[in-house]
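Q: Please take a close look at a single part of this model and describe how it is packed. Cover what lies on either side of it as well, and say how the residues there are placed.

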Amino acid sequence: MQYLPRNPTAQPLTAPASSIYIDGMTKLLPIVLVLFACNVFGETIAELRKQAVAGDARAQNNLGVRYGKGEGVLKDYEEAVKWYRRAADQGFVGGQYHLGVMYSDGRGVPKDYKEAVKWYRKAADQGYASAQNNLGLQYAKGEGVFKDYKEAVKWFRKAAEQGDADGQY
C-alpha cells in the first residue's frame, strides 16, 4: 500500500469546525436556491398539500409517499395511510397499491392481509405491475387468500409481461 507524501507546506487547521460548515453552507446556498427555483426537487409540500386538499388524487398519493418516506416532512405512517386512502377511494392506482403495501406491512394500520389483497387487486385490475406482483405473492404465501399457486403464477405472469423484474423472478 502506498500513501501520498505529506504536504510540507500544509498548515494545521486553526478555524473551528463550525465555521468550516457555515462557510461550506454559504457557498452551497445559492446553488440550492437555484435548484428549488427550477423545481428540481419536485413539488413542495405546501403545493402538494394544497392540491391534495382540493381533491387531486395524484397529489394525495404523492403526499402519502412523502409522509411514508419522511421526505420534506416527518415520517408518519398514519398520515401516509390517510392520503393513500383518499387517492385510492377515487380509484387512483398508486393510492390503491400503496394502501395495499401499508396493510401488508402493518404500517400506519394494523396488519391485515385480506385488506391488502383487496387494494392490490383493485390496482392489479387496472394493470399496475407492482400490484400484480404483490397479489401473486399473497396467493403464493396464502396471506389474505387461500394459497393458490396457479393464481399466483397468473399474477406474476401479468407483472412480468409488463417488464416487472420481480414478476419475472
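A: A crossing of two helices is called left-handed if the near helix is turned anticlockwise from the far one by less than a right angle, and right-handed if the turn is clockwise. By that rule, H5 and H6 cross in a left-handed way. This pair is the part examined here, in a model that is predicted.

First, the setting. The protein has 9 helices and 0 strands, and its elements read α-α-α-α-α-α-α-α-α from the N terminus on. Of its 169 residues, 34% count as buried. The accessible surface comes to about 11,000 Å², and carbon and sulfur atoms account for 57% of that area. Among contacts between residues at least 6 apart in sequence, 40% join residues at least 24 apart.

Two packed helices are described by the angle between their axes and the distance between the axes. For H5 (residues 93-105) and H6 (residues 113-125), the angle is about 160° and the axes are 8 Å apart. Angles over 145 degrees count as roughly antiparallel, and H5 and H6 are therefore roughly antiparallel to each other. On the H5 side, the contact is made by Val93, Gln96, Tyr97, Leu99, Gly100, Val101, Tyr103 and Ser104. On the H6 side, it is made by Tyr113, Glu115, Ala116, Trp119, Tyr120, Lys122 and Ala123. By class, this contact of H5 with H6 has 10 nonpolar, 3 polar and 2 charged residues.

Gln96 deserves a separate note. It lies in helix H5 and is listed among the residues of H5 that make the contact with H6. Its relative accessible area is 4%; the limit for buried is under 20%, so Gln96 counts as buried. Leaving aside neighbours within four places in sequence, Gln96 is in contact with Trp119, Lys122 and Ala123, and also with Ala88, Gly91 and Gln126. Of these partners, Trp119, Lys122 and Ala123 also appear on the H6 side of the helix contact.

The loop between H5 and H6 holds Gly108. This residue is partly exposed, with a relative accessible area of 29%. Gly108 and Tyr77 are 31 residues apart in sequence, but their C-alpha atoms are 4.4 Å apart in space. Not counting residues up to four places away in sequence, Gly108 touches Tyr77, Glu78 and Val81.

The loop before H5, which joins helix H4 (77-89) to H5, contains Gln90. At 46% relative accessibility, Gln90 counts as partly exposed. The C-alpha atoms of Gln90 and Asp56 are 9.2 Å apart, with their positions 34 residues apart in sequence. With neighbours within four places in sequence left aside, Gln90 is in contact with Gly55, Ala57 and Gln60.

Further back along the chain, Gly68 sits in helix H3 (residues 57-69). Gly68 is buried, with a relative accessible area of 13%. Its C-alpha atom is separated by 8.5 Å from that of Glu78, 10 residues away along the chain. Gly68 touches Lys75, Tyr77 and Ala80, residues up to four places away in sequence not being counted. Tyr77 thus touches both Gly68 and Gly108.

On the other side of the pair, H6 meets helix H7 (residues 129-141), with axes that come within 8 Å and cross at roughly 145°. This crossing, too, is left-handed. Tyr113, Val117, Tyr120, Arg121, Ala123 and Ala124 of H6 meet Ala131, Gln132, Asn134, Leu135, Gln138 and Tyr139 of H7. The residues of this contact divide into 8 nonpolar, 3 polar and 1 charged. Tyr113, Tyr120 and Ala123 are among the H6 residues listed for the contact with H5 and also for the contact with H7.

H7 in turn packs with helix H8 (residues 149-161), the axes coming within 8 Å and crossing at roughly 165°. H7 and H8 are therefore roughly antiparallel to each other, and their crossing is left-handed. In H7, the residues that meet H8 are Ala129, Gln132, Asn133, Leu135, Gly136, Leu137, Tyr139 and Ala140. Their partners in H8 are Tyr149, Glu151, Ala152, Trp155, Phe156, Lys158 and Ala159. This contact has 10 nonpolar, 3 polar and 2 charged residues.

Key: Residues numbered from 1 in each chain as written. Predicted model: local features only at pLDDT ≥ 70, side-chain atom pairs only at ≥ 80, totals over all residues. Heavy atoms only, no water. Axes fitted to C-alpha atoms, helices over the stretch in contact; angles between N-to-C directions. Helix = DSSP H or I, 4+ residues; strand = E, 2+ residues; numbered from the N terminus. Parallel < 35°, antiparallel > 145°, perpendicular 65-115°, else oblique. Contact = heavy atoms within 4.5 Å. Nonpolar A, V, L, I, M, F, W, Y, C, P; charged D, E, K, R; others polar. Buried < 20%, exposed > 50% of the residue type's maximum accessible area, 1.4 Å probe, protein only. Areas by Shrake-Rupley, 256 points an atom, 1.4 Å probe, with all protein chains shown as cover.
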